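Student: I am new to this structure and would like a close look at one part of it. Could you walk me through how that part is put together?

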Amino acid sequence: MLRVSERVYLAYFIYVTLIGGVLAPQVVGYTAVIAVLAAALMFGLARASQRNIHFDRLRDWLPVLYTLTAYREMNWFTPDLRDYHFEKAWIVWDRILLTDWHLRSAIESLGVLFPAYLEFCYLLVYIISITSIGFFYFYGHRERADAFTTVYAAGTLLSYALFPFFPSDPPRVVFAGADQPGIETFLREFNLYLVGSYGIHSSVFPSAHVSSAFGAGWGLLVFLPEKPWIGRGMLFYAVSVSVATIYGRY
């Protein structure tokens, strides 16, 4: 039997195939193949895990692969032309936060410390799910991993699901040279390399970095109540990722 989180991922892959038929017919064949392969893998592992616990444990970690696949799929929905009407509206809010409310100057008030911290938080998003599942293993509650993954997947995939309806580029690209951080760090250069080389170009809204971090925070808080500091720490981290996303022009 499929786990709840596996059903969430499979429903998402089917959803992408359905909207692909409407928004991007040229890729619907590819999305259908991914949905079929995902279903085959999930059902195959579900069957195998009845005979061998190692397959059952493997299922705890495979959401990392499902999430990456779901993310990469969204690149097929990149529009050929943009009019940047979303970005022109959102930049108003960014400038209120960064300039009028002095968020940028506050972050940079102690020099490199806070900018480096925010860039480090943004970088760590890629290992959130692995780290979170590791907590359940470490504290002997592996049986709750699926419940956590369901919350994490819902938060992350709901952002991906909206990408095709909000085609957009990051503000650092659309408004090149404007509203940029005043302090450059090695971590920022590395983040820019990652998003430039391995990121997708269909949309930057809603931020999957932010939604996945909050999904992990709520999931840890609810399903690892014996260690509330972990969930609270993850939620604090999620707020930091939110600030980093705006400050870094991601």
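**A patch and the helices beside it**

Tutor: Happy to! R57, D60 and W61 in α3 meet I130, I133, G134 and Y137 in α8, where contact means heavy atoms within 4.5 Å. This is a predicted model, in which local features need pLDDT of at least 70, side-chain atom pairs count only at pLDDT 80 or more, and totals for chains, interfaces and linings use all residues. Residues are numbered from 1 along each chain as its sequence is written, and side-chain values use heavy atoms, with hydrogens and water left out.

Helix α3 covers residues 53-61 and helix α8 residues 128-138; helices are DSSP runs (H or I, at least four residues), numbered from the N terminus. Their axes lie 10 Å apart at an angle of about 135°; axes are lines fitted to C-alpha atoms over the stretch in contact, and angles run from 0 to 180 degrees between N-to-C directions. The two helices are therefore oblique to each other, a word for angles that are not under 35 degrees, over 145 or from 65 to 115.

W61 and I130 also belong to a nonpolar surface patch of about 410 Å², together with V64, Y126 and I127. Patch residues have over 30% relative accessible area and no salt bridge, and nonpolar side chains (Val, Leu, Ile, Met, Phe, Trp, Tyr) are joined within 5 Å, like charges within 9 Å. A salt bridge is a side-chain nitrogen of Lys or Arg within 4 Å of a carboxyl oxygen of Asp or Glu. Accessible areas come from the Shrake-Rupley method with a 1.4 Å probe, and for residues only the protein chains shown count as cover.

V64 sits in helix α4, residues 63-73. With a relative accessible area of 32%, V64 is partly exposed, between buried (under 20%) and exposed (over 50%).

How values were computed:
Buried < 20%, exposed > 50% of the residue type's maximum accessible area, 1.4 Å probe, protein only.
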